[in-house]
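Visitor: Could you take me on a close look at one part of this structure, the sheet and what surrounds it? I would enjoy a connected account.

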Amino acid sequence: MSFLRDLLPEFDEEMRTTRRVLERVPSDRADWKPHPRSFSLAHLAQLVATMPGWLITMLGETELDLSKGSGYSNQSTEELLKSFDEGVKQARTMIQQAKDDEMAVPWSLKMGDNVLFTLPRQVVVRQHINHLVHHRGQLTVYLRLLDVPVPSIYGPTADEPWGAQQSA
């Protein structure tokens with residue numbers, strides 16, 4: 001059994017679903033927050049849009065230093081989708097090209113000199129996809145609160161009944 005071969009169909013489905021959610025982000029509400037301590041809509045949407053691209057680093061390097069990140073900005077939905085599509089394309093290629101024996105390599109998340117954690121690459125990749133799904137779920141709550149129709153994800157929503165899911 002191959003972790004990577006088994007991961008690819010799940011990755012493809014989660015990315016199709018995530019794109020449907022991102023398509024609905026209203027660019028004109030970028031600064032909106034459901035609570036003062038919450039991310040803004042733009043911040044959360046940009047996070048979700050860029051997370052597939054983090055897999056490129058996870059599969060190609062042995063660490064990521066968050067202190068070297070560029071931070072967040074308000075981007076249009078069109079820009080977010082472009083970034084998302086490019087990250088998905090590159091991440092999918094990395095998944096296809098990776099070898100299962102590379103999945104046991106220790107991988108670290110850092111903040112400068114502080115190591116936040118070190119885990120086998122396979123665990124980090126799996127957790128990262130789960131992390132993206134978590135933030136996608138937050139984004140659907142933002143959409144609901146903004147009265148934007150929520151797409152079907154694992155089943156129907158109040159806005160899309162069974163059978164409305166797109167299989168692109």
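Guide: Here is a walk through the sheet, ending at one residue in an edge strand. This is a predicted model, in which local features need pLDDT of at least 70, side-chain atom pairs count only at pLDDT 80 or more, and totals for chains, interfaces and linings use all residues. Residues are numbered from 1 along each chain as its sequence is written, and side-chain values use heavy atoms, with hydrogens and water left out.

The open sheet has three strands, ordered β1-β2-β3, with mixed pairing. Strands here are DSSP E runs of at least two residues, and helices are H or I runs of at least four, numbered from the N terminus; two strands pair if DSSP finds at least two bridges between them. At the edges sit β1 (63-65) and β3 (114-120), each pairing on one side only. From one strand to the next, the twist averages 15°. Six bridges link β2 (residues 106-111) to β3 in the antiparallel sense, and M111 stands opposite N114 in β3.

Across β2 and β3 lies helix α4 (residues 121-145), running at about 105° to β3. Such angles run from 0 to 180 degrees between N-to-C directions, with axes fitted to C-alpha atoms, for helices over the stretch in contact (heavy atoms within 4.5 Å).

Now to E63, in strand β1. E63 is partly exposed, at 35% relative accessible area (between buried, under 20%, and exposed, over 50%, with a 1.4 Å probe and protein chains only). Not counting residues up to four places away in sequence, E63 touches T57, W107, S108 and K110. E63 and K110 are 47 residues apart in sequence, yet 7.1 Å apart in space, C-alpha to C-alpha.
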